There are 6 protein chains.
Amino acid sequence: MSQFSHVNQSGEANMVDVANKASSVREARAEAFVYMNADAIALIEAGNHHKGDIFGVSRVAGIMAAKNTSQLIPLCHPLLLSKVAVDLELQADQNRVRIESYCKLEGKTGVEMEALTAASVTSLTLFDMCKAVDPGMKIEGLKVLEKIGGKTGHWVGES
Amino acid sequence: MSQFSHVNQSGEANMVDVANKASSVREARAEAFVYMNADAIALIEAGNHHKGDIFGVSRVAGIMAAKNTSQLIPLCHPLLLSKVAVDLELQADQNRVRIESYCKLEGKTGVEMEALTAASVTSLTLFDMCKAVDPGMKIEGLKVLEKIGGKTGHWVGES
Amino acid sequence: MSQFSHVNQSGEANMVDVANKASSVREARAEAFVYMNADAIALIEAGNHHKGDIFGVSRVAGIMAAKNTSQLIPLCHPLLLSKVAVDLELQADQNRVRIESYCKLEGKTGVEMEALTAASVTSLTLFDMCKAVDPGMKIEGLKVLEKIGGKTGHWVGES
Amino acid sequence: MSQFSHVNQSGEANMVDVANKASSVREARAEAFVYMNADAIALIEAGNHHKGDIFGVSRVAGIMAAKNTSQLIPLCHPLLLSKVAVDLELQADQNRVRIESYCKLEGKTGVEMEALTAASVTSLTLFDMCKAVDPGMKIEGLKVLEKIGGKTGHWVGES
Amino acid sequence: MSQFSHVNQSGEANMVDVANKASSVREARAEAFVYMNADAIALIEAGNHHKGDIFGVSRVAGIMAAKNTSQLIPLCHPLLLSKVAVDLELQADQNRVRIESYCKLEGKTGVEMEALTAASVTSLTLFDMCKAVDPGMKIEGLKVLEKIGGKTGHWVGES
Amino acid sequence: MSQFSHVNQSGEANMVDVANKASSVREARAEAFVYMNADAIALIEAGNHHKGDIFGVSRVAGIMAAKNTSQLIPLCHPLLLSKVAVDLELQADQNRVRIESYCKLEGKTGVEMEALTAASVTSLTLFDMCKAVDPGMKIEGLKVLEKIGGKTGHWVGES
C-alpha cells in the first residue's frame, strides 16, 4: 500500500488528480551550488564586472526550463507560472556560485518542482559555460528552501 | 580576454564552431545522489521488489532529457546520441539513491552535458515521485565521472 | 457551408474560439489494441512477472504525450490536464495488448484528443520496444470509449 | 534472457548503441485507416474539391511529428530525416480515409517508427478536425508496409 | 531605474509577476508583409486557385507557433489561448503577401507577443516554401495592429 | 507544374529529399531591424553600459530558436548546426536596433532558414522586453544577407 502520491496500489505510475484541490497562491524557492576551481572563479569574477553574460545566459536557461517542467518530469502537471526569478551570486571565498530560484503560481499544485528545475538547469548551463576551464566542477545541495500555499501551508526546509 | 569557450572577446555568449573538429567516438559518465529520509528509503525498498516504477519512470525521464539537452542548455550543440543509459541503485545504508548515466556519440563534441542532464533529470523525477513522503530531499554530488574521446583523450574526475 | 468546427466558411483551418464556453469537469477514455505474434506475447508475459519495464516505459510515454497534445495536433487548444492515467493489459489469448487511457480536465474543451494521443503514443512505444521480435505488429481499434462533460454531456461510443 | 533490443538483462529500458552499425539509406512506409460515418465522408468529399485544408493540415501535422519522433518515443534515437511524405486518400465506398507515410534517412537506424508516428499523428489530426461531425471514428490498421536498408535488407509486411 | 517591465533594478531579466492582475478577455491582431519577385508571385497566384498548400502550410505553422510562444520568448508567460487565426492575402500588384494574425485569451496577460509570433512564423514558412524561386524575399512591417483588454483597454497602432 | 521545391505536382506539401545531395560547409547570414521610439532607445542605451541583459536575453533566445528551426517551419529538415552567433547593435541615430545572425553547418541543406529564424526570434524577444515603453515598435527588413555553400555557391543579397 504505497504512500507515494504518484504511484497507485499496483505500483504503477500515474499523474494524480488535482481537479478537486482548491486554487491558491503557491510559491517555492530552491537553491543549488556550483563548486569550481580558482581559475573558473577568477574568470567569472573578471567577467562579472563587465557583461555578466555567463550569469545572464544561465539565468535565462533556468527561467525557460521552469516553464518546461511538465515536459521534463513525467508526472508533473502542466501549469501557468505567474512569476519565475533566478539569482546567481559568486561566493568566491567558498569557491562556488550560489543559485536561488523562485516560482509563483495561482493554481492547484505546488511549484517546488518548477523551482528545482530552474535551479538545476541554471547550474547545468553555468557548468557548460565554464567546463573548458574546470571540467571537474560539482553541483551540490539542490533542495527546496521554502514552500508557501496549499494544504501544507508554509513549509521551510532544514538549514 | 576570456578563456571560456562559450564567451567571445566582448563577453557575449556564442555557440562555438565545431565544424573543423574531427569526428570520433565520445563517451561520458556522470553521477548524482539523492539523499532522503528513512521513510522514503523504506518505501522505495518495498516497491523495488515488485514493479520498480519509481526507478523506471525516473530512468525514462533521464534518457529523454539527454536527447533534449541542446534545447535546455542554450549553447550546447544539437547532436545524435548513439546510446544513453541510466542506472539507479538504492544505497539504503547511506540514506540515498545513486544515479549513474552514460552517453555515447560518434561526433564532434563531447557528451558530458548530455550525461549530466540525464543524471539531473533522473534525480528531479525521483524527487518528484518521493516528495510526498520526504519534501526535504537533497540532490548532491552531480559531476562528470569520466570522459573519453576528442582532443583531451581520456579524462577521469577526482574521486 | 462547412460543419467541421475547425474549418471556416472559406475552407481555411482555424483554432475555434472557446472563450465563451463554460468551464466544467471534462473526462475522456480511449482505447487501442496492439496485435503481435506469439513470440512477442511470450516475451512480454515473461518480463511482466519481473520488472514490467516494457509496459512501464510505454505508460510514461503515453502520459507525457497527453500533456503534449496541443503541440502535436495543430488546432487543439492548450489545456491543463488535472489527471492522466494509462493502463496496459496483456490479452495473450487474443494475441494482443489492450491499452486504455483516461484524461481529466476542469476547463472549456473536451479531452478526447488527449486521451487518444495518450493511447496512440503508448501503442507506438510498445511497438518500438517489441519490433525486434515482431516487426509485423498492427495497432487497431483506436477510438474514444466515453466522454463526460461539456455541452454534449455523457457520450458513450458504440461497442 | 531478453530478446527485446530495448531491454537489458535486468529488464531495464535502455537506448541501444548504434555507434558500430553501418550507415546506409533507410526507407520505411506505413499505413493507417480512419473509418468515419457517411456525414463526415460527405463533408470531406465536398471540401476536397476546393481547399483541401482538412487533408492539408493533417499532412503537415504528420510530417512535423515524424521529425519529433525521438521526443515522443522514449528509446528512439534522434536522427536526421532526409525526406518525409504523407498521402491521404478518401475511399468513400469503404467509409474511410487511407493514410500512407514515407520516411527516408541516410543513417544507422531504421525509420519505421518515424513512418508510424507520421501516419499516427496524421490520423489523430484528421480525427480532431472531423470529430464534431462524427465522434465515433476509429483508427485501424496502423502498421509498417515496407522497410528498406540496414541488416535486414528489404522487409515487406504481410498484406 | 529601469522602466522595462522585464528588467529589475539590477538590470537582470525576470518574468514579471502577473498573479495579482485581473483576468479579462484579451485580444491582439498583428500584421506582416512578405515581399517577393514576380516569379514567386505568379507561382503563388497559379497555385492559389487549386490546392492552396503554400498558404495552408504557412497558416498551420503560424497557429502552432502562437501556442509555442512561451517556449520561444524567454520571459513570456505560459497561457491558454482560446483562439488563434491567421489570414494570408496575395497582393500581387504590390509584390507581396499580407499576413494578419489574431489571438484571443481569457487571462491575465496580453497576447500581442503570441500574435506577433504567429505572423512571424507564418512569414518564415512562406519564405521557406518560396525561396527556391526567390531567395531575396524580405519580411517587412511586422507590428501589432490592435490590442484589446487589460489595464490599457483598447490600443490601436498608428497606420 | 510547380517550381517550388516544397510542393509536388499535385500541389501538396512535402519535405524534399536531400539524401543524394553532397555534404559541404554551409553558411548563412541574416539581418533584421527593430524600430522603436526615443524613450525605448534611451533606456536601452542606458542599460547597455551596465548589464546588457536586454541584448543578452534576446541573443540567447535567437540562438536557441535557430536550433529549433525544424520544429517551427514544417518542411525544414532537422540538422546539426555547428555554430550560431547573433549580434545586436544599437543604432540610436536611426531609432533602431540592428540584428545580424550567422549559422554554419557541415551538411546537405542550406542554413538560411536557421539564420532567419535566429534573427526573427531575437527581434521578437527584444520587442517583448521593450513593449512596456513602446508598444508601437516595428520589425523591418528581415532578409538573407549572404549564403555560402551548396549547389549555388556564394549568393549575396541585393543591398
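How much area is buried between chain A and chain B, and what part of it do carbon and sulfur atoms give? I started my notebook with that one. The buried area comes to about 4,200 Å², and carbon and sulfur atoms give 71% of it. Buried area here is the accessible area, taken with a 1.4 Å probe, that two parts lose on being put together, summed over both.

**Ground rules**

This is a predicted model, where local features need pLDDT of at least 70 and side-chain atom pairs count only at pLDDT 80 or more, while totals for chains, interfaces and linings use all residues. Residues are numbered from 1 along each chain as its sequence is written, chains are lettered from A and ligands numbered from 1 in the order in which they are written, and side-chain values use heavy atoms, with hydrogens and water left out.

**Confidence**

I checked the scores next. pLDDT is the predictor's confidence in each residue, from 0 to 100. Chain A averages 90, and 91% of its residues score at least 70. Within chain A, I found the lowest confidence in helix α1 (residues 38-48), with a mean of 86. The highest is in helix α3 (residues 69-72), at 98. For the complex, the predictor gives an ipTM of 0.95 and a pTM of 0.95.

**Chain A by itself**

I looked up the elements of chain A: four helices and five strands. Both kinds are DSSP runs numbered from the N terminus, helices being H or I with at least four residues and strands E with at least two. Going along the sequence, I read the pattern β-α-α-α-β-β-α-β-β. The C-alpha trace of chain A spans about 50 × 30 × 30 Å along its principal axes.

**Back to A and B**

How many residues of chain A are in contact with chain B? I got 50, and they meet 50 residues of chain B. Contact means heavy atoms within 4.5 Å.

Then I looked for charged pairs. Across the interface of chain A and chain B the rule finds zero salt bridges; a salt bridge is a side-chain nitrogen of Lys or Arg within 4 Å of a carboxyl oxygen of Asp or Glu. Polar contacts do turn up: seven residue pairs between chain A and chain B, both residues at pLDDT 80 or more. A polar contact is a pair of N or O atoms within 3.5 Å; within protein, one must be able to donate a hydrogen and the other to accept it, and residues adjacent in sequence count only if both atoms are side-chain atoms.

Which elements give two or more residues to the side of chain A that touches chain B? I noted α1, α2 (53-67), α4 (112-130) and β4 (138-148) of chain A. α4(A) gives the most, with 12 residues. That side of chain A divides into 30 nonpolar, 11 polar and nine charged residues. In this sorting, Ala, Val, Leu, Ile, Met, Phe, Trp, Tyr, Cys and Pro count as nonpolar, Asp, Glu, Lys and Arg as charged, and the others, Gly among them, as polar.

**How the copies are related**

I superposed chain A on chain B: a rotation of 180° with 0.0 Å of shift along its axis does it, at an RMSD of 0.0 Å. The superposition is by least squares on the C-alpha atoms of residues with pLDDT of at least 70 in both copies. In chain A, the C-alpha nearest the axis belongs to A:Glu140, 2.2 Å from it. The copies meet through the same surface, because 100% of the interface residues of chain A are also interface residues in chain B.

**A look at F and E**

Chain F and chain E each put 50 residues into their contact. The area buried between chain F and chain E is about 4,200 Å², with 71% from carbon and sulfur atoms. I found zero salt bridges across this interface, and seven residue pairs in polar contact, both at pLDDT 80 or more.

**Who doesn't touch**

Chain A and chain D do not touch, and their nearest C-alpha atoms are 10 Å apart. Chain B and chain E do not touch either, with nearest C-alpha atoms 10 Å apart.

**Salt bridges elsewhere**

Over all chains, the structure holds 54 salt bridges. One I wrote down joins the side chains of E:Arg29 and E:Glu146, at 2.6 Å from N to O. This pair links distant parts of the chain, 117 residues apart: E:Arg29 is in strand β1 (residues 24-35) of chain E, and E:Glu146 is in strand β4 (residues 138-148) of chain E.
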